[in-house]
Amino acid sequence: MTRPIRSYVLRQGRISPAQRRALDELHERYGIEFRDAVLDPEAVYGRRAPLVLEIGSGMGETTAAIAAAQPDTDFLAVEVHAPGVGSLLRRIDSLGLSNLRVVRHDAVEVLARMIGDASLAAIHLFFPDPWPKKRHHKRRLVRPEFVTLAARKLAPAGILHAATDWPEYAEQMLAVLSAEPLLENAARGYAARPAHRPLTKFEHRGLALGHPVRDLVFRRRALGQEKTEDLV
Ligand SMILES: C[S@@+](CC[C@H](N)C(=O)[O-])C[C@H]1O[C@@H](n2cnc3c(N)ncnc32)[C@H](O)[C@@H]1O
């Protein structure tokens, strides 16, 4: 069997004692194990609410801030990096968030195996690794197969919201997302930063250095409204 190309490389990174403790003590409460079975959000969150999946939540600052600001929406963060998951578990605990849970696993597999088709209100993909070297471009998440998978998981009118500070990756995102028949651009070209995405520290620094940040907001077309040229 060939190994799939991953969008990350797991390194034996440094993990702080607090993050380690969070993984040991809080994962049972706020973490979800990867399983090859579709997740029942009602069983996880104890209610029926719109569900948003965040891919690559990093240290989780943005994830936790968005979940705290939108108590009527449920959020599932997916991250492979153990220190980031530990840090997010601590935030969930200290903010007392009942609408945010985290899976420590490859988000592509989580999307494919644990998320039902047409079930997500939105997918957030904020500052995915840009893999700047040409020979690494194949590791970028935003490629046609991934976008088709993501689009399939969005409910009609569900939103795929991506952001990047890497101009050439932004162009690739715009081209790949625009070419996906199940999606339509909710803006003209790049979108203005939606109010729900807080400006991160990292982004402030980037903007100060003159790095443009691009948001891309695409909407899942209603069934039967796929671009006709793609159906023949
Ligand atoms: C550049 S960081 C951005 C983190 C965060 N979204 C932010 O804006 O600060 C990208 C993150 O995506 C994670 N990542 C990359 N590929 C992933 C995958 N297939 N599944 C889950 N996480 C992934 C990395 O571990 C890393 O934490």
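**Notebook: pockets and ligand**

I began with where the largest pocket sits in this predicted model, and found that domain 1 (24-48 + 74-116) and domain 2 (119-232) both give residues to its lining, so the largest pocket lies between them.

I then looked up its volume, which comes out at about 1200 Å³. The lining of this largest pocket counts 46 residues, and those closest to its centre are Gly 56, Gly 58, Glu 79, His 81 and Asp 129.

Which helices and strands supply at least two residues each to this lining? I noted strand E2 (51-55) and strand E5 (120-126), together with helix H3 (61-69), helix H4 (82-95), helix H5 (107-114) and helix H8 (201-208). Of the elements, H3 gives the most, with three residues. Sorting the lining of the largest pocket by class, I recorded 21 nonpolar, 13 polar and 12 charged residues.

Next I turned to the second largest pocket, for which I wrote down a volume of about 370 Å³. It is lined by 17 residues, and Pro 4, Arg 6, Asp 106, Val 108 and Glu 109 are the closest to its centre. Both domain 1 (24-48 + 74-116) and domain 2 (119-232) appear again here, each with at least three residues in the lining of the second largest pocket.

Which element gives the most to this second lining? I found that H5 does, with four residues, while H5 and helix H6 (144-153) each supply at least two. The classes in the lining of the second largest pocket are seven nonpolar, one polar and nine charged residues.

My last entries concern the ligand. I counted 15 residues around the ligand, of which Ser 7, Gly 56, Glu 79, Ala 107 and Phe 126 are the closest. Gly 56 and Glu 79 I had already met among the residues closest to the centre of the largest pocket.

Where do N or O atoms of the protein come up to the ligand? For Ser 7, I read 2.7 Å between an N or O atom of the side chain and a nitrogen atom of the ligand. For Glu 79, a side-chain N or O atom is 2.5 Å from an oxygen atom of the ligand. Phe 126 takes part through its backbone, where an N or O atom lies 2.7 Å from a nitrogen atom of the ligand. I closed with the ligand's surface: taken alone the ligand exposes 600 Å², and the protein buries 83% of that.

Key: Residues are numbered from 1 along each chain as its sequence is written. This is a predicted model: local features need pLDDT of at least 70, side-chain atom pairs count only at pLDDT 80 or more; totals for chains, interfaces and linings use all residues. Side-chain values use heavy atoms; hydrogens and water are left out. On a 1 Å grid over the protein atoms alone, a cavity is a set of points where a 1.4 Å probe fits but cannot get out, and a pocket is an open set with protein on both sides within 12 Å along at least five of seven lines; lining residues have an atom within 4 Å of a point. Grid points are joined across faces, edges and corners, and a volume is the space filled by probe spheres set on the points. Ala, Val, Leu, Ile, Met, Phe, Trp, Tyr, Cys and Pro count as nonpolar, Asp, Glu, Lys and Arg as charged, and the others, Gly among them, as polar. Domain bounds come from an automatic or database domain assignment. A residue is near a molecule or strand if one of its heavy atoms lies within 4 Å of it. A polar contact is a pair of N or O atoms within 3.5 Å; within protein, one must be able to donate a hydrogen and the other to accept it, and residues adjacent in sequence count only if both atoms are side-chain atoms. Accessible areas come from the Shrake-Rupley method with a 1.4 Å probe; for residues, only the protein chains shown count as cover.
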